[in-house]
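User: Please give me a close look at the largest pocket in this model, starting with what kinds of residues line it.

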Amino acid sequence: MDFTFSDEQEELRRAVRGWLGRHATPGHLRAMEDDPVGITDDLWADLVALGWTSLLVPDAQGGGGGGLVDIVPVLEEIGRVPLPGPFSSSAVLATIAATRLGLDDRLASLAEGAGRGTVALDEQGHGDPVDRIRTRAVRRSGRWYLSGLKPVVPDGHSADWCLVPARTQAGIQTFVIDAPAGELVPSWDPFRRLARLDLDDRPAEPVGPDGDHTAAWRRIADDAAVAVCAELIGSMERANELAVEYAKVRVQFDRPIATFQVIKHKAVDMLHAIELTRVGTHYAAWTSDTEDGRRAEAVAMAMGFASESANEVCAESIQIHGGVGFTWDCDAHLFYRRAKQDDLLLGSGGWHRAKLADQVLSPA
């Protein structure tokens with residue numbers, strides 16, 4: 001199987017890296033660390049003009065008609081920065097959900113960048129994020145009301161609208177809340193804004209097809225997990241590069257520490273983890289785009305391995321930096337914090353590994 005990207009996809013990667021190098025500078029990142037949105041209006045307008053926000057939107061709704069394989073190079077480059085702001089929550093997560101649920105009007109708005117969306121899926125507890133849904137929807141006097149807690153909503157404080165899966169008598173159905181205005185809460189990752197959405201008889205509008213949406217939300221969670229893995233590849237790559245660059249210039253006992261065998265072993269192990277994560281993620285993205293029968297296994301394999309490997313690689317980067325790696329002035333902590341936060345999204349890596357084991361070992 002050919003795991004290389006097309007010339008067009010590699011050209012997109014180069015364009016994304018070039019733009020990020022000019023605009024997502026260390027100075028900009030530091031300035032955005034305490035910004036509630038994480039991106040300026042001008043930079044968001046640039047992302048829209050470059051077509052990034054429309055990559056996953058189908059052609060019929062004014063988008064680029066791309067699949068997960070097409071967005072992977074963009075997400076890898078974003079993970080290398082790491083880019084703050086609502087790109088992942090709106091142009092990826094909300095777009096994947098709106099596409100799977102057939103929300104054409106929302107898709108057109110997402111492509112144009114006119115309205116930013118997000119998804120409130122994760123709830124308290126552990127394990128399958130869809131099985132964990134406890135939010136209830138009830139209908140009274142012709143209107144729907146939601147009750148429950150969504151503690152981890154990406155950009156739920158600044159999004160223009162939010163898709164909320166909730167339980168009804170017909171199973172899990174989907175509702176939209178305009179201007180969710182969640183409460184911004186602290187997170188491991190300073191550039192991944194998370195909000196708490198406390199739904200206490202909150203009015204909402206039902207969207208999507210008739211019937212139970214459980215299968216649709218399982219697929220949304222799987223595709224979103226692949227997107228998270230793609231970002232982690234970029235974070236791992238940059239953490240590794242920072243460690244290798246530092247090891248070449250840090251002198252101890254009159255020798256660069258890069259010449260020490262223990263440092264070489266660490267660097268090799270880090271590279272090994274990165275390359276295996278890359279192959280697994282690219283394969284999972286391909287299985288989703290082609291509706292391959294091994295898709296569910298590929299996603300569980302990718303997320304189960306990527307979340308663990310990212311934590312190890314980014315932690316080792318800090319170790320190679322030594323004492324300076326534990327300071328805020330060294331960027332190594334940014335990638336470690338992203339890895340830690342991502343391991344808590346859409347089911348932990350441990351749950352994905354258990355899910356894979358069930359799929360492989362259970363009788364057909």
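Analyst: Sure. The lining of the largest pocket breaks down into seven nonpolar, six charged and two polar residues. Here Ala, Val, Leu, Ile, Met, Phe, Trp, Tyr, Cys and Pro count as nonpolar, Asp, Glu, Lys and Arg as charged, and the rest, Gly included, as polar. Keep in mind that this is a predicted model, where local features need pLDDT of at least 70 and side-chain atom pairs 80 or more, while totals for chains, interfaces and linings use all residues. Numbering runs from 1 along each chain as its sequence is written, and side-chain values use heavy atoms, leaving out hydrogens and water.

The pocket's volume comes to about 290 Å³. Among the 15 lining residues, Leu20, Ala24, Arg80, Val81 and Arg238 are the closest to its centre. Two or more lining residues come from each of α1 (7–23), α2 (26–32), α4 (68–80) and α7 (214–249). A pocket, by the way, is an open set of points on a 1 Å grid over the protein atoms alone where a 1.4 Å probe fits, with protein on both sides within 12 Å along at least five of seven lines; lining residues have an atom within 4 Å of a point. Helices are DSSP runs of H or I, at least four residues, numbered from the N terminus.

Now for α7 itself. Its 36 residues reach 53 Å from first C-alpha to last, close to the 52 Å expected at 1.5 Å a residue (1.5 Å times one less than the number of residues). Of those 36, 26 are buried, so α7 is largely enclosed by the rest of the structure; buried means under 20% relative accessible area with a 1.4 Å probe, protein chains only.

Notes: Grid points are joined across faces, edges and corners, and a volume is the space filled by probe spheres set on the points. Buried means under 20% relative accessible area, exposed over 50%, partly exposed in between (1.4 Å probe, protein chains only).
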